[in-house]
Amino acid sequence: MLRNPLYIGFIRHKKELYPGEHAGIIDRLTWDKAQALLSQNNRGGRRRERSTQPSLFTGIIFDAAENRYSPTHSNKNGCRYRYYTSRAAIRKTKRSNSPARIPAPGIENAVTERILNLLNSPSELLEVLKNSLLDQDGVPPNGFYATVVERAARMVRVWKTLPALERDRFLAALIDRIVVYAEHVEIRLRLKVLLHDLPGPDSGVQAAQAADNFLPIASVTCPFKHVDNGRALRLVIGNDRLSNDRSRQLILRAIARSRLWYQRIVDGEAACLNDIIRRDGIDASHAKKIFPLAFLSPSCTESILRFNTDLTLKALLENIPMEWSRQSLPLPMHAGQGAQFS
């Protein structure tokens with residue numbers, strides 16, 4: 001009975017939790033504390049956090065075509081990688097331009113950071129509130145906006161010191177829905193929760209009365225880009241570009257290894273690449289994939305070293321002609337640095 005999610009308004013299906021159509025009779029904070037105590041008191045020394053623990057945005061994240069994202073995961077080399085996967089992709093039906101699968105930590109951190117930035121920006125927070133007034137001539141009580149702004153800034157200051165369960169409770173109560181589009185994420189916030197929770201218990205009545213003057217939902221957006229980097233899934237959040245440092249390091253490391261293998265063959269230390277694979281015990285598939293980099297022209301290699309490109313190892317390996325005169329970087333450089341280098 002103590003593990004039954006029905007009491008907090010959720011239902012369980014195949015080890016996952018989904019919002020039910022009924023109202024919960026126990027608040028989420030009390031429920032989470034009870035689950036933590038039960039897990040700690042379990043015999044057998046279970047870890048504090050169980051693998052079946054629901055993801056933060058379970059049931060509230062959708063793509064542009066209203067397909068719900070469900071929490072999924074994969075295991076590799078003893079590590080668990082969490083994702084949100086569109087139900088349309090799972091069912092293999094037609095889907096929108098939204099990504100089919102999103103790394104869970106990336107989207108969770110991005111949405112949380114966007115909300116904290118909103119709370120820590122008085123001008124943006126006031127603009128959202130004023131644009132959400134039902135009656136533009138209506139004025140909340142004196143000092144109401146100042147109180148909200150001050151409490152919002154304080155929430156940001158203490159955010160990292162709050163228990164994880166308390167942070168999750170606040171986000172779960174505040175976020176109504178997250179919609180993932182091809183180029184941005186829309187975060188729909190419950191204004192009544194925002195206005196009631198931020199001012200604090202000493203001004204709860206005033207906040208509840210003032211909340212009636214606002215629309216129930218306000219939306220903020222977060223720039224977003226989904227990057228398929230080989231088998232890896234990465235996100236570009238906000239105005240920052242995907243960092244090229246790691247991609248460039250992977251490319252240069254692959255070039256160095258492939259040239260070393262080629263030199264060993266030329267020097268007679270090995271008869272062929274398969275001989276090197278067998279002797280060194282390296283992954284055959286990966287070695288054969290990157291070996292063509294041994295024939296990359298010096299000018300292309302120099303371009304990778306000197307310029308800040310958006311090039312990925314996967315894109316580079318798609319076409320490497322043997323003739324140096326036909327080789328060029330397949331992706332454009334940053335503005336002002338030219339298009340391709342041959």
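A nonpolar core, as I use the term here, is a set of buried Ala, Val, Leu, Ile, Met, Phe, Trp, Tyr and Cys residues joined through side-chain atoms within 4.5 Å. The model on the screen is a predicted one, and I will start with its cores.

The largest nonpolar core has 41 residues, and among these I115 and I175 touch the most other members. Several elements supply at least two residues each, including α3, α4 (122-131), α5 (144-158) and α6 (164-174). Strands β7 (175-180), β8 (184-190) and β9 (217-229) do so too, as does helix α7 (191-197). The largest share, seven residues, comes from α3. Which residues does I115 touch, leaving out those up to four places away in sequence? They are L171, L174, I175, I187 and L189. There is also a second core, separate from this one, with 20 residues; I251, I277, L293 and L316 are among them.

Helix α3 brings us to the sheet beside it. Helix α3 covers residues 104-119 and lies across β5 and β6, running at about 70° to β5. The sheet itself is open, with three strands in the order β4-β5-β6 and antiparallel pairing. At its edges are β4 (69-76) and β6 (101-103), each of which pairs on one side only. On average, neighbouring strands here are turned by 35° against each other, direction ignored. Between β4 and β5 (residues 79-86) there are eight bridges. One position to look at is H73, which stands opposite R82 in β5.

Closer to the start of the chain numbering, there is a hairpin. Strands β1 (residues 10-13) and β2 (residues 16-19) pair in the antiparallel sense over four bridges. H13 has E16 in β2 as its bridge partner. Two residues sit between the strands of this hairpin, and K14 takes a positive phi near 50°.

Now a single residue in helix α1 (residues 28-41), namely Q35. Is Q35 buried or exposed? Its relative accessibility is 14%, so Q35 counts as buried, the cut-off for buried being under 20%. Setting aside neighbours within four places in sequence, Q35 is in contact with L2 and R3.

Next, the aromatic rings. The structure holds four aromatic pairs, and I will describe two. In the pair of F57 and Y84, the ring centres are 6.3 Å apart and the planes are at 25°, so this pair is stacked. F57 lies in the loop between α1 and β3 (61-63), whereas Y84 is in strand β5, so the pair ties together parts that are 27 residues apart in sequence. Both F57 and Y84 are buried.

The other pair is Y262 with F295: centres 5.3 Å apart, planes at 75°, and therefore edge-to-face. Y262 belongs to helix α9 (residues 245-266), and F295 to the loop between α11 (284-290) and α12 (298-306), so the pair links distant parts of the chain, 33 residues apart. Y262 is partly exposed, with a relative accessible area of 34%. F295 is partly exposed as well, at 23%. Together with F291, these two form a cluster linked by ring pairs.

Last, the cysteines. How many disulfides are there? The count is zero. C222 counts as buried, with 5% relative accessibility, while C272 is partly exposed at 35%.

Note on methods: Residues numbered from 1 in each chain as written. Predicted model: local features only at pLDDT ≥ 70, side-chain atom pairs only at ≥ 80, totals over all residues. Heavy atoms only, no water. Buried < 20%, exposed > 50% of the residue type's maximum accessible area, 1.4 Å probe, protein only. Contact = heavy atoms within 4.5 Å. Disulfide = S-S within 2.5 Å. Pairing = 2+ DSSP bridges. Axes fitted to C-alpha atoms, helices over the stretch in contact; angles between N-to-C directions. Phe/Tyr/Trp six-rings, centres within 6.5 Å; stacked < 30°, edge-to-face > 60°.
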